[in-house]
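I set out to record what could be looked up in this structure. The entries below follow the order in which I worked.

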Amino acid sequence: MPRARTHDAITLALAPPTFLLTHALTGSRDLAWLVTLATLFSGFLFNPDLDIRSKPYARWGPLRVLWWPYQVLVRHRSRLSHGLLLGTFVRTVYLSIMLALLGATGIVLWHALHEQPGASESARQAFDLLKRWLLSVERRYWLALWFGLWWGSAAHTLADWLWSLWTQTKRLL
Ligand SMILES: [Zn+2]
């Protein structure tokens, strides 16, 4: 497989054309930025190789514990992580669940430390607030975010495929 450095270089090289193309297509600088930043985030921190102890995994720092269950559940290079559409979808759902759990744990711990009751009430309020905020964001921003996340990871999977194809062809020649 291409090394992490190669994947990083591909991600960086994709950023300018991604920005220019989405800007040309949507006429919106905000959307172009969002797509480009999501592509960079996906390529550097959110890519399919999170299914092993890899460079993107290390980049999460102390938060990399969030990916431990993922690495146990998902076999390296399986469709769940490297699938062209499925990979990003699974990771997005997974990370959302983990962040929600992290938030809920934080609220419960805060209440325990301050010896204050009502942890579940606080958790519900935080959930309502989050829900209201998520629903207030326009759909095109969600689409731009999702597209960028998909694109950054899809480039990784495509590079893996091309690399396999090339090494196989080389063996035949
Ligand atoms: Zn890979």
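Entry 1, burial and overall form. I looked up how much of the protein is buried: of its 173 residues, 23% count as buried. The model is a predicted one. I noted eight helices and zero strands, so that I read the order of elements from the N terminus as α-α-α-α-α-α-α-α. Along its principal axes, the C-alpha trace spans about 70 × 40 × 25 Å. I then turned to contacts between residues at least 6 apart in sequence, and found that 62% of them join residues at least 24 apart.

Entry 2, confidence. I checked the pLDDT values. The mean for the protein is 94, and 100% of the residues reach 70 or more. Among the elements, helix H2 (residues 29-45) has the highest mean, 98, and H7 the lowest, 91.

Entry 3, the pairing of H2 and H8. At what angle do H2 and H8 pack? I found an angle of about 35°, with the two axes 7 Å apart. I recorded the crossing as right-handed. By class, the contact of H2 with H8 has 14 nonpolar, eight polar and one charged residues. On the H2 side I listed several of the residues involved, including Leu 34, Leu 37, Phe 41 and Gly 43. On the H8 side, the residues that meet H2 include Tyr 141, Leu 145, Trp 151 and His 156.

Entry 4, His 7. I located His 7 in helix H1 (residues 4-26). Is His 7 buried or exposed? It counts as buried, because 24 C-beta neighbours lie inside 10 Å, and 20 are enough for that class. Leaving aside neighbours within four places in sequence, I found His 7 in contact with Pro 2, Gly 43, Asn 47, His 156 and Ala 159. Gly 43 and His 156 also appear in the contact of H2 with H8. I also compared His 7 with Ala 104: the two are 97 residues apart in sequence and 34 Å apart in space, C-alpha to C-alpha.

Entry 5, helix H6. I tested the length of H6 (residues 86-113). At 1.5 Å a residue, its 28 residues should span 40 Å, and the end C-alpha atoms are 40 Å apart, which agrees. Which residues of H6 are buried? I noted Gly 87, Thr 88, Val 90, Arg 91 and Ile 107. These buried residues pack against helix H5 (79-82), helix H7 (119-136) and helix H8 (139-172). Just after H6, I recorded a positive phi of about 50° at Glu 115.

Key
Residues are numbered from 1 along each chain as its sequence is written. This is a predicted model: local features need pLDDT of at least 70, side-chain atom pairs count only at pLDDT 80 or more; totals for chains, interfaces and linings use all residues. Helices (H or I, at least four residues) and strands (E, at least two) are DSSP runs, numbered from the N terminus. The expected span of a helix is 1.5 Å times one less than its number of residues. A residue is buried if 20 or more other C-beta atoms lie within 10 Å of its own, exposed if 12 or fewer, and partly exposed in between; C-beta atoms are placed from the backbone. Two residues are in contact if their C-beta atoms, placed from the backbone, lie within 7 Å. pLDDT is the predictor's confidence in each residue, from 0 to 100. Axes are lines fitted to C-alpha atoms, for helices over the stretch in contact, and angles run from 0 to 180 degrees between N-to-C directions. A crossing is left-handed if the near helix is turned anticlockwise from the far one by less than a right angle, and right-handed if clockwise. Ala, Val, Leu, Ile, Met, Phe, Trp, Tyr, Cys and Pro count as nonpolar, Asp, Glu, Lys and Arg as charged, and the others, Gly among them, as polar.
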